[in-house]
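Please open the structure in the viewer and keep the selection tool at hand. The stops below are arranged so that each selection leads to the next.

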Amino acid sequence: MPFLTHGAHRVRYELDGPKDAPAYVLVNGLTQYSELWGAYRDALVSKGFRVATFDLLGQGASDKPELFISQDDQVEALHLLIGELGGGPVFLGGISFGGLITLRYAIEHGDKIAGLVPMSAFAELSPQLMLLGNALRTGLILGGTSYLQDLLLPMNLSDSWLKPLLGNLDAVKRQGWLINDVYALQNLMESFLDFRPLTPLLPRITAPTMILNGEFDFLTPRSLHETLRLGIPDSSLVIIPNAYHAFTLEKAALTADLLARFAEDVLAKRWQGNKAVWIAPDEAGGNMIPFPAGYDHLRAIPVQKATS
Amino acid sequence: MNQFLGPLDSAQRIPPLQQTRIASFLISAHGALAKQLAINLPGQLKAGWQTELNAQLHREAEIVSLLMRATSWVPDFTLPYQALMWEAAWLPKAIPGISDQVLAMTIDIAALGHAVHGAIRPAALLPEDVSADDPFVVALRRIEFESSRLIQAQIRFLKSDELKPVRAAVSTAVEGRHRQVRKLWAELLAGIGITRHAESAQAEA
């Protein structure tokens, strides 16, 4: 189990795939751990990528700072990991909290990455997201990690994913519960106490950017991704059909395929962001469909865009 | 070395020697917190947040009482030496950089509480097939659950604006207490054939 050293803390990471290949670095969501990217490692390595995953400070097998974990420290840890990858092209993807960390990285170290994929991400705390975050933190404090998981599972995953697991949810939750500590998760949540919106800084992101958003993402809905699409110059927004906030868990094959195709397009100089809005296929390998012209992608019902 | 307690007996219970050692350690640690709170709790509360300290005192005592009754005890001749070592470890420590001795002692008690409630996760030692109705199992789950609530008082105090001017010293004190508690916990677990990678790694770091 290799570790990077950031100050007094150790960050556990894993590298897979050929050393000289283009690399994908994947950043966990707040309650996750790097093993959850296992399917992505397999899929992306089979397509010729190198894959780097790690536990954020406060997560899994990385050190868990006792009182404070700043988001700047997470960005620095990510910077260390990317420094381990040599000089080849690096694509950076992250889910939810990890998506936020990738945005911060792209703003500060944009020259180090060839492409960016924020997934279920946000650049600011809308009133809904802030209040939901506060409620989740209270849930963690009063009910522990298990109760937080109880809140997140139905919020972030579909009925079709949950239904076959209903009799076995404790087993689904167990590894996350074992590996994550309440005070460390709380520290990660409390890293938002001094959060400042990244929205004004998004135009600094020069890397090609594919923004992925689940069709039914309740926690970070379309409007938050729209902020990214409008702010990041070379971006496209891709809506994942029938998907919720944690679609990287639920639709790993499709998402890994989208990541690979994005990187291949960028490397072949075929990528054109154009702030376009796309609908992803239902399955890996299918075609992307442009969002129907004239309709408002921020609405859940087919409402025609107001003409300006 | 295993990650979880066991092997379980035919009734899916934890072996009595493992129960005895874990309960002894937890009684020592939570008992120390109860004693320190009893000594330092003001007779007349002066601030709202101090009401939490009164609750803490009684919950720590409850944990001790619960373990006394829920554990299947067996004689263990290593305990007197180990208990002495633990009790010595919990004694109040000076905190370099903080000259106000009352404040330093309060920070040290909070740091020890943070470490005991945050770094020790007894329920995470339970295998999946353990009896859910066994009193010792229920006690470990209850202690871990209560710890995540009890630690809130320490978090509030140690992260408070009041301590901003001495934040570096506070962080060092908390890190030190965590290192100490993790090391003792890891040693105890190693003595009953358990290793938990994260705890060992952080104890060694």
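Which residues in α1(A) meet which residues in α10(A)? Select both helices of this predicted model. On the side of α1(A), the residues are A:Ala39, A:Tyr40, A:Ala43 and A:Leu44. Their partners in α10(A) are A:Ala252, A:Ala253, A:Ala256, A:Leu259 and A:Ala260. With residues 38-46 of chain A (helix α1) and residues 252-267 of chain A (helix α10) displayed, the packing angle is about 45° and the axes lie 9 Å apart. An angle of about 45° makes α1(A) oblique to α10(A). The crossing of α1(A) and α10(A) is right-handed.

**Helix α4 of chain A and the loop before it**

Next, select A:Ser120, which is placed in the loop between β6 (115-119) and α4 of chain A. Although A:Ser120 is not a glycine, its phi is positive, at about 50°. For context, most residues other than glycine have a negative phi.

Continue to helix α4 of chain A, residues 127-156, and add helix α6 of chain A, residues 169-179. These two pack at an angle of about 135°, and their axes are 10 Å apart. That angle makes α4(A) oblique to α6(A). The contact involves A:Thr145, A:Ser146 and A:Gln149 of α4(A), together with A:Lys173, A:Gly176 and A:Trp177 of α6(A). The crossing of α4(A) and α6(A) is right-handed.

Keep α4(A) selected and replace α6(A) with helix α7 of chain A, residues 182-190. How do the axes of α4(A) and α7(A) cross? They come within 10 Å and cross at roughly 170°. Angles over 145 degrees count as roughly antiparallel, and α4(A) and α7(A) are therefore roughly antiparallel to each other. From α4(A), the residues that meet α7(A) are A:Gly133, A:Arg137, A:Leu140, A:Ile141, A:Gly144 and A:Thr145. From α7(A), they are A:Val182, A:Leu185, A:Gln186 and A:Met189. A:Thr145 thus appears in the contact with α6(A) and also in the meeting with α7(A).

**Across to chain B**

Now show both chains. The model scores ipTM 0.91 and pTM 0.94. Chain B has an average pLDDT of 93, and 96% of its residues score at least 70. In total, 20 residues of chain B are in contact with 13 residues of chain A. On the side of chain B that touches chain A, two or more residues each come from α4 (101-119), α5, α6 (167-191) and α7 (197-204) of chain B. Which element gives the largest share of that side? It is α5(B), with seven residues.

Select α5(B), residues 135-158. At 1.5 Å a residue, its 24 residues should span 34 Å, and the end C-alpha atoms are 34 Å apart, which agrees. Centre the view on B:Ser148 to find a kink of about 30° in this helix.

**Last stop**

Finally, go to B:Pro7, in the segment before α1 (16-40) of chain B. The peptide bond joining B:Gly6 and B:Pro7 is cis, with omega about 5°. Most peptide bonds are trans.

Terms used: Residues numbered from 1 in each chain as written. Chains lettered and ligands numbered in written order. Predicted model: local features only at pLDDT ≥ 70, side-chain atom pairs only at ≥ 80, totals over all residues. pLDDT = per-residue confidence, 0-100. Helix = DSSP H or I, 4+ residues; strand = E, 2+ residues; numbered from the N terminus. Expected span 1.5 Å × (residues − 1). Bend = angle between axes of the 7 residues up to and from the residue. Axes fitted to C-alpha atoms, helices over the stretch in contact; angles between N-to-C directions. Parallel < 35°, antiparallel > 145°, perpendicular 65-115°, else oblique. Left-handed = near helix turned anticlockwise from the far one by under 90°. Contact = placed C-beta atoms within 7 Å.
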